[in-house]
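Biologist: I would be grateful for a close look at the interior of this protein, with attention to its aromatic side chains. Please describe what surrounds them.

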Amino acid sequence: YAWGKRGRNSEVALLNSSGDPDFMIDDNMPYAELWMGTHPNGPSILKGSSQKLSEWIVANPESLGYETREKFGVQLPFLFKVLSVNQALSVQAHPDKAHAEKLHRERPDIYKDPNHKPELAIALTPFEALCGFRPIAEIKNYLETIPELRSVIGQESINELLTSDEAGMQQALKNCFHALMNCCKITVETQLNILAKRLADLDESSLADQTMNLFLKLHKTYPGDVGCFSVFFLNYLVLQLGEAIFLGPNEPHAYLFGDCIECMACSDNVVRAGLTPKYKDVETLCNMLTYICEPASSKVFEGIVENEFTVMFSPPVPDFAVAKISIPIGAAEVSLIPRDSASLLIVISGQAECNDLNLDRGSVLFIPAKQKIDLLCNESEDPILMFQAMIAAHVWSEKHNINSDTKLLKQLENTNELTIWEKIYIQKNRNRVMNFDIPMERDLVWRFFGQPQDGADIDIQVVQHNAT
């Protein structure tokens, strides 16, 4: 892809070169994405053979794990990637499952599959992105102080937002964003050029606002594109190494610059509206977005520490989770946490031995479910950094058949078969006090399942502390 970093500036190229000695880096070529998985558009091949990983999995279905097969069939439901971004990707969002099915049914030529496409990105370098709508006060400030922005949106929509009460704020914001994205091309180009010239004439001290600098950068890459104005509506984030963002359904976002690990459900469903020469489905995008205004800091997705080496990023979807594994210099032997599902592991830095395998930068492993992995690390001259993608630990087995039956729910709450996430699932649906067997904060529950609606409350009572 043209937006990828070129040559040896690309982490994708460097990792591929380290893992494949036959690969030669072309310094004039953009290298954007390294794919790992069974997606038919870029399937992984078993090293030393011509067999696709997907074919091996079909021949060895037990490698996936029981719950994965029950939920997803004989396939990996995720695509694991490394991205090296040199210029902005499109302003976009992904539909939820029901919406994806509808779009695929109505326009299969554009939306080629019926699946959702949640995404998790974990920074390998400082990683810049737009994500979610800014706090409403910030948006209002830009509307009041940037005349070019007012010209493309129209004063009627702006007045509605500036005077709206809290109850009408989301609809007013939607109307503003819709007016912006549907403004005629000539007006957009004219006002973009006026704003770019006005900013270029300012001295450096007057350009202290990073949003204005970002606008100029985007306008240089995508002149005349209405997506350049989106920086005044969407949060600008710079993730540091190991920080993450989760992009759920209907969340507006755009990757801007940097290298990251990405994991996503297997789908090609992207609804675009700016910063792209590709097809723009403006009406669909504007109608599906969340229009929830939050500060940039709230978009950072926190991992959960599993042990001294492992941090788990487990979004509220069953398709995938990603573990970040960091092993310092001097560690002799480290055992990875066995997983209930098959997983893919990539080595970003450092060296280790596993059975008869030498793992170096760029090595990728497929690990069957429940397989124990012991790493010998004492020869590594660098800290070891690895990422492991798997089916989420909180996949709920169909055998539990969770529904609104009170007697069944009472039974399920008292069984040891349930994971903590299944218990939270019941709690959300029953909306009442229950006991948990490990400490769990209220905001963690809300992060996974959303805050209670209509004044309902969820109370968590910790009855036992489990140190593990």
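Modeller: The account below begins with the aromatic rings and then turns to their surroundings.

The model is a predicted one. Within it there are 12 aromatic pairs. One of them joins Phe133 and Phe177 in an edge-to-face arrangement, with 5.4 Å from centre to centre and 85° between the planes. This pair connects distant parts of the chain, since Phe133 belongs to strand β7 (residues 127–133) and Phe177 to helix α8 (residues 169–181), 44 residues apart. Phe133 and Phe177 are both buried. A further pair is made by Tyr142 and Phe232; their ring centres are 5.1 Å apart and their planes stand at 55°, so this pair is tilted. It too links distant parts of the chain: Tyr142 is in helix α5 (residues 136–145), Phe232 is in the loop between α10 and β8 (234–239), and 90 residues separate them. Tyr142 and Phe232 are both buried.

Phe133 and Phe177 also belong to one aromatic cluster, together with Phe233 and Tyr291. Leaving aside neighbours within four places in sequence, Phe233 is in contact with Phe133 and Phe177. Its other contacts of this kind include Gly132, Arg134, Ile139, Leu143, Leu149, Ile153, Leu173, Cys176 and Leu180.

Several of these residues recur in the largest nonpolar core, which has 54 residues. The members that touch the most others in this core are Leu149, Ile153, Phe177, Leu180, Phe215, Phe232 and Phe233. Helix α8 supplies the largest share of the core, with 8 residues. There is also a second, separate core of 36 residues, with Ala13, Leu15, Leu53 and Ile122 among them.

Thr211, in helix α10 (residues 210–221), is a polar neighbour of the tilted pair: apart from residues within four places in sequence, Thr211 is in contact with Tyr142 and Phe232, and also with Arg134 and Val231. Because its relative accessibility is 3%, Thr211 counts as buried.

Helix α7 (residues 155–163) shows how a helix may present one side to the interior. Its residues Ser157, Ile158 and Leu161 are buried. These three span an arc of only 100° around the axis, and therefore lie on the same side of α7. Glu156 and Thr163, on the other side of α7, are exposed. The buried residues of α7 pack against α5, α6 (147–153) and α8.

Two further rings are accompanied by a lysine. The charged end of Lys5 sits over the ring of Phe257, at 4.7 Å from its centre. Lys278 lies over the face of Tyr1, 5.8 Å from the ring centre.

Finally, the cysteines may be considered. The structure holds 0 disulfides. For Cys183, the closest cysteine sulfur is that of Cys184, and the 4.7 Å between the two sulfurs is too far for a bond. Cys183 counts as buried because its relative accessible area is 18%, under the 20% limit that defines the term. Cys260 is likewise buried, with a relative accessible area of 0%.

Conventions. Residues are numbered from 1 along each chain as its sequence is written. This is a predicted model: local features need pLDDT of at least 70, side-chain atom pairs count only at pLDDT 80 or more; totals for chains, interfaces and linings use all residues. Side-chain values use heavy atoms; hydrogens and water are left out. Helices (H or I, at least four residues) and strands (E, at least two) are DSSP runs, numbered from the N terminus. Buried means under 20% relative accessible area, exposed over 50%, partly exposed in between (1.4 Å probe, protein chains only). Contact means heavy atoms within 4.5 Å. Rings of Phe, Tyr and Trp (its six-membered ring) pair if their centres lie within 6.5 Å; planes under 30 degrees apart count as stacked, over 60 as edge-to-face and the rest as tilted. A charge sits over a ring if NZ of Lys or CZ of Arg is within 6 Å of the ring centre and within 35 degrees of the ring normal. A nonpolar core is a set of buried Ala, Val, Leu, Ile, Met, Phe, Trp, Tyr and Cys residues joined through side-chain atoms within 4.5 Å. The arc is that of the directions from the helix axis to the C-beta atoms. A disulfide is a pair of cysteine sulfur atoms within 2.5 Å.
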